[in-house]
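Reader: I would like to learn how to read a structure. Can we go through one feature at a time?

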There are 2 protein chains.
Amino acid sequence: MSARPIPRYQQLKDMIVERISCGELRPHDRVPSENELVQSMNVSRMTANRALRELTDEGYVHRVAGRGTFVADFRSRSHVLEVHNIADEITGRGHAHSCEVLRHSRQHARGEVAKALHLEQGVDVFHVLIVHFENAVPIQVEDRHIVADFAPGCLDQDFRTITPSAYLTSISPLQEAEQVVRAQDPNAAVRAYLQMAVGEPCLVVVRRTWSHGRPVTFARLHHPGPRYELTGHYTLPGTRKTTSPDVVQLENLQR
Amino acid sequence: MSARPIPRYQQLKDMIVERISCGELRPHDRVPSENELVQSMNVSRMTANRALRELTDEGYVHRVAGRGTFVADFRSRSHVLEVHNIADEITGRGHAHSCEVLRHSRQHARGEVAKALHLEQGVDVFHVLIVHFENAVPIQVEDRHIVADFAPGCLDQDFRTITPSAYLTSISPLQEAEQVVRAQDPNAAVRAYLQMAVGEPCLVVVRRTWSHGRPVTFARLHHPGPRYELTGHYTLPGTRKTTSPDVVQLENLQR
DNA sequence: TGTACTAGCCTGTATATACAACTTGGCGAG
DNA sequence: CTCGCCAAGTTGTATATACAGGCTAGTACA
């Protein structure tokens, strides 16, 4: 009945992930090599190899034969968890991204925000309200709350040049995310921001993201229904020699 | 400049995945043990171990110390790729699922359907139109086309007792999926099926799924905006000792 | 000065070996 | 007949060793 001891390779992984999570090891920093782990951790090289190899598969580190092992960019982590960075999405389409910061302030968490972020009423949070444009057409209203002590420098950021999600991923790796998508009629303010006609629905994404085991940000993203689609392409891990399917632009098939 | 040879462990993985994909090894079947692979493939046990261990991580097989290695249920594969099985979702909430099959026929692929499934005009497809109910409330209209020669027994299925997605995953593992989510006003027929008021938007999921490198099914799923949300919870691989966040029921935060 | 080479470190893979823990089936004692 | 135990097969982990190949810095040589 006694629990199995935690394997050595897992201890190594935990140790390295911890040093990454707490900021001791930052992206592009060099991680101890297999031989250094052999020395310092008193394991065999194969055990160190397994730990580092699995961390590679999991996206924590990046290895180059002949050079070493390096902490991966947080943003390159699992794409399902990637904070939906609207700026990258737009520039990836070859279009111009711009935005307008409507609010950027410190507030006290109340009601739903406090509940969503697991905070007591009145704890400090930052509130950001941004409208994002694709080629000058409004495409997203980002209404985001950020736990203040997770991002102390938040008010110093210029969110016209770095999106909140890019800023947050630069602080610490994001480890869990919860997402709810729904179709909803916008209120008057959102409709105005998105320049939508009366009666047009919004695609709303509500997303909470965890780091170090606690929720750190809570975002409501409103998109104009007629102009926006949430697309995803999923490939099973370990699939080889798969012909990447050309992403056919699916037209509106509803008759 | 010469390409690195494909490693032995990868060859083992490819061989086993191929035997699973082609149907030679079916879910719950026993996969050769490490020692059997040592004999038949002329590798060391550690190499066989690595192949089977990685297939475990990737969700292809399931291992039990003392018993052996077994092909995993296709449906237990990566949750991002899981065909959105509305019946499981509803029963998972403790509610009753029922459905009404409005159409279940063989057709010739035309226009968008042929294009989406990479078929020539006129090739045989099955067309299924089903309304799904949660506790007698309509919650999804499933409008699905299936490549005929992928699922020859399709017309013999009773989709009141097994959903199309469950049927399809029972045929072959699904390997890739493409999904588009949007908010859209329903047409009159969909609005009637879902018993929606005029002006209420739909959450529409359009999904294509690949198997063996070709698209095999194409589904349009209409959900009533006010009653339905698409939820997802994502955890990074390799995350340990994370307290599973209680999924707070996020209320409608829009004021 | 500049080029070519090499030593040394690194990752990537492969093997042989060892021991622990789990599961099942069979066998023997009661 | 039943219970308990043990042997065999299986996975899970750990180690030592070996060789191939990539990368870099420094050195020897022209």
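Reader: Which element gives the most to the surface near DNA strand C?

Author: One note before that: this is a predicted model. The element is H3(B), with four residues. Other elements give two or more residues to that surface too, including helix H2 (34-41) and strand S2 (61-64) of chain A and helix H1 (8-21) of chain B.

Reader: How many residues surround DNA strand C, and which are the closest?

Author: There are 28 of them. The closest are Arg45(A), Arg63(A), Thr69(A), Arg8(B) and Gly66(B).

Reader: What classes of residue make up the surface near DNA strand C?

Author: Eleven are charged, nine are polar and eight are nonpolar.

Reader: Which part of DNA strand C do the atoms within 4 Å of the protein belong to?

Author: Sugar or phosphate accounts for 68% of those atoms. The rest belong to bases.

Reader: Let us look at single contacts. What does Arg45(A) approach on DNA strand C?

Author: A base nitrogen, which is 2.6 Å from a polar side-chain atom of Arg45(A). Arg63(A) has a phosphate partner: an N or O atom of its side chain is 2.8 Å from a phosphate oxygen of DNA strand C. From chain B, Thr47(B) places a polar side-chain atom 2.9 Å from a phosphate oxygen of that strand.

Reader: Now DNA strand D. Which residues are the closest to it?

Author: Arg8(A), Gly66(A), Arg45(B), Arg63(B) and Thr69(B). In total, 27 residues surround DNA strand D. They divide into ten charged, nine polar and eight nonpolar.

Reader: Which element supplies the largest share of the surface near DNA strand D?

Author: H3(A) does, with four residues. Among the atoms of DNA strand D within 4 Å of the protein, 66% belong to sugar or phosphate.

Reader: Which polar side-chain atoms lie by a phosphate oxygen of DNA strand D?

Author: Arg63(B) has one at 2.8 Å from a phosphate oxygen. Thr69(B) also has one, at 2.8 Å from a phosphate oxygen. Arg45(A) has a base partner on this strand: its polar side-chain atom lies 3.3 Å from a base nitrogen of DNA strand D.

Reader: What sits over the ring of Tyr9(A)?

Author: The charged end of Arg50(A), 3.8 Å from the ring centre. In chain B, Arg50(B) lies over the face of Tyr9(B), at 3.8 Å from the ring centre. As for aromatic pairs, the structure holds two over all chains.

Reader: How should I read phi?

Author: Most residues other than glycine have a negative phi. His118(B) is not a glycine, yet its phi is positive, about 60°. His118(B) lies in the loop between helix H5 (111-116) and strand S5 (124-134) of chain B.

Reader: Where is Ala136(B) found?

Author: In the loop between S5 and strand S6 (137-147) of chain B. Its phi is positive as well, near 70°.

Reader: Is Ala136(B) buried or exposed?

Author: Ala136(B) is exposed, because its relative accessibility is 60% and the cut-off is over 50%. His118(B) is partly exposed, at 40%.

Reader: How many disulfides are there over all chains?

Author: The general idea first. A disulfide is a covalent bond between the sulfur atoms of two cysteines. Here the count is zero. Cysteines are present, though: Cys154(A) is buried, with a relative accessible area of 0%, and Cys22(B) is partly exposed, at 49%.

Key
Residues numbered from 1 in each chain as written. Chains lettered and ligands numbered in written order. Predicted model: local features only at pLDDT ≥ 70, side-chain atom pairs only at ≥ 80, totals over all residues. Heavy atoms only, no water. Disulfide = S-S within 2.5 Å. Buried < 20%, exposed > 50% of the residue type's maximum accessible area, 1.4 Å probe, protein only. Phe/Tyr/Trp six-rings, centres within 6.5 Å; stacked < 30°, edge-to-face > 60°. Lys NZ or Arg CZ within 6 Å of the ring centre and 35° of its normal. Near = heavy atom within 4 Å. Polar contact = N/O pair within 3.5 Å; in protein donor to acceptor, adjacent residues only side chain to side chain. Nonpolar A, V, L, I, M, F, W, Y, C, P; charged D, E, K, R; others polar.
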